[in-house]
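Please look through the sequence and the model shown below before reading on. The report that follows starts with one strand and its partners, then widens to the sheet around it and to the protein as a whole.

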Amino acid sequence: MASATNLLFERLKRELDGQRHPPVHLWHPERDGRIDIRITPDGRWFHEGDEIKRLGLVRLFASILRRDDDGYCLVTPVERMLITVEDAPFLVTDFEVQDAGGSEQRLLFTTSLGEHVLLDADHPLEMASSADAPRPYLQVRPGLPGLIARSAFYRLIDVGREAQDGRFLVRSAGEDYLLGQL
């Protein structure tokens with residue numbers, strides 16, 4: 001009999017497999033500009049200073065988000081508008097573990113927008129240094145990182161392990177990811 005955790009993981013994995021995003025990487029519109037949309041480090045979206053509280057609208061905007069050489073932008077087939085992202089465009093709030101501690105351990109993360117991302121070679125975890133503490137990021141989509149919330153990061157440490165060379169790692173989908181140096 002499958003455990004409740006494995007059943008939840010499999011349900012979330014099916015949702016991940018069903019996630020589709022517009023092909024923004026193929027769109028190169030002639031109309032170009034800037035719009036007063038800002039994404040804060042805690043994952044909230046603002047337009048002209050007011051928070052966008054309709055989750056469906058934020059999800060729609062997030063689905064057409066792309067990072068170009070000159071910054072983050074919302075792109076459609078007819079226009080590309082630069083926006084302001086204060087840290088990362090996504091906030092990763094939680095994760096589920098399948099085969100915890102086993103050789104086939106997999107970690108499936110969830111963003112504040114309800115997107116699911118499997119930690120794997122295509123969606124790696126990277127640590128960045130800041131003045132106050134290391135900051136963990138998960139590659140949600142190509143060029144679009146998600147800051148892993150502190151509570152999720154502390155849980156991530158619980159499923160990590162110390163390597164013989166003093167590194168602290170977490171394993172998912174056959175890959176090891178560095179969380180820190182001991």
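## A strand and its surroundings

In this predicted model, strand β7 (residues 90-98) and β12 run parallel and are joined by three bridges. One residue of β7 can be followed across this pairing, since L91 has L147 as its bridge partner in β12. Strand β11 (residues 135-141) also pairs with β12, here in the antiparallel sense and over four bridges. Within that pairing, Q139 has P145 as its bridge partner in β12, and Y137 stands opposite L147. The strands β11 and β12 form a hairpin with two residues between them, and in the turn G143 has a positive phi of about 75 degrees.

The bridges discussed so far can be set side by side.

| Residue | Residue in β12 |
|---|---|
| L91 | L147 |
| Q139 | P145 |
| Y137 | L147 |

In general, the strands of a sheet pair through backbone hydrogen bonds, and this may happen in a parallel or an antiparallel way.

Is β12 (residues 144-148) enclosed or open to its surroundings? Five of its five residues are buried, so this strand is largely enclosed by the rest of the structure. In a regular strand, side chains alternate between the two faces of the sheet. For β12, both faces are covered, with L144, G146 and I148 buried on one side and P145 and L147 buried on the other.

Widening the view, six strands form an open sheet with mixed pairing, in the order β9-β8-β7-β12-β11-β10. Its edge strands, β9 (116-118) and β10 (125-128), each pair on one side only. On average, neighbouring strands of this sheet are turned by 40 degrees against each other, when direction is ignored. Helix α3 (residues 150-158) packs on the sheet, where it touches β7, β8 (106-111), β10, β11 and β12, and its direction makes about 30 degrees with that of β7.

Another residue to examine is R80, which lies in strand β6 (residues 79-85). Because its relative accessibility is 9%, R80 counts as buried, the cut-off for this being under 20%. The side chains of R80 and D68 are joined by a polar contact of 2.8 Å. Leaving aside neighbours within four places in sequence, R80 is in contact with several residues, including P29, R31, D32 and C73.

Finally, the protein as a whole has three helices and 15 strands, and 43% of its 182 residues count as buried. Its accessible surface comes to about 10,300 Å², of which 51% belongs to carbon and sulfur atoms.

Methods:
Residues are numbered from 1 along each chain as its sequence is written. This is a predicted model: local features need pLDDT of at least 70, side-chain atom pairs count only at pLDDT 80 or more; totals for chains, interfaces and linings use all residues. Side-chain values use heavy atoms; hydrogens and water are left out. Buried means under 20% relative accessible area, exposed over 50%, partly exposed in between (1.4 Å probe, protein chains only). Two strands pair if DSSP finds at least two bridges between them. A polar contact is a pair of N or O atoms within 3.5 Å; within protein, one must be able to donate a hydrogen and the other to accept it, and residues adjacent in sequence count only if both atoms are side-chain atoms. Contact means heavy atoms within 4.5 Å. Accessible areas come from the Shrake-Rupley method with a 1.4 Å probe; for residues, only the protein chains shown count as cover. Axes are lines fitted to C-alpha atoms, for helices over the stretch in contact, and angles run from 0 to 180 degrees between N-to-C directions.
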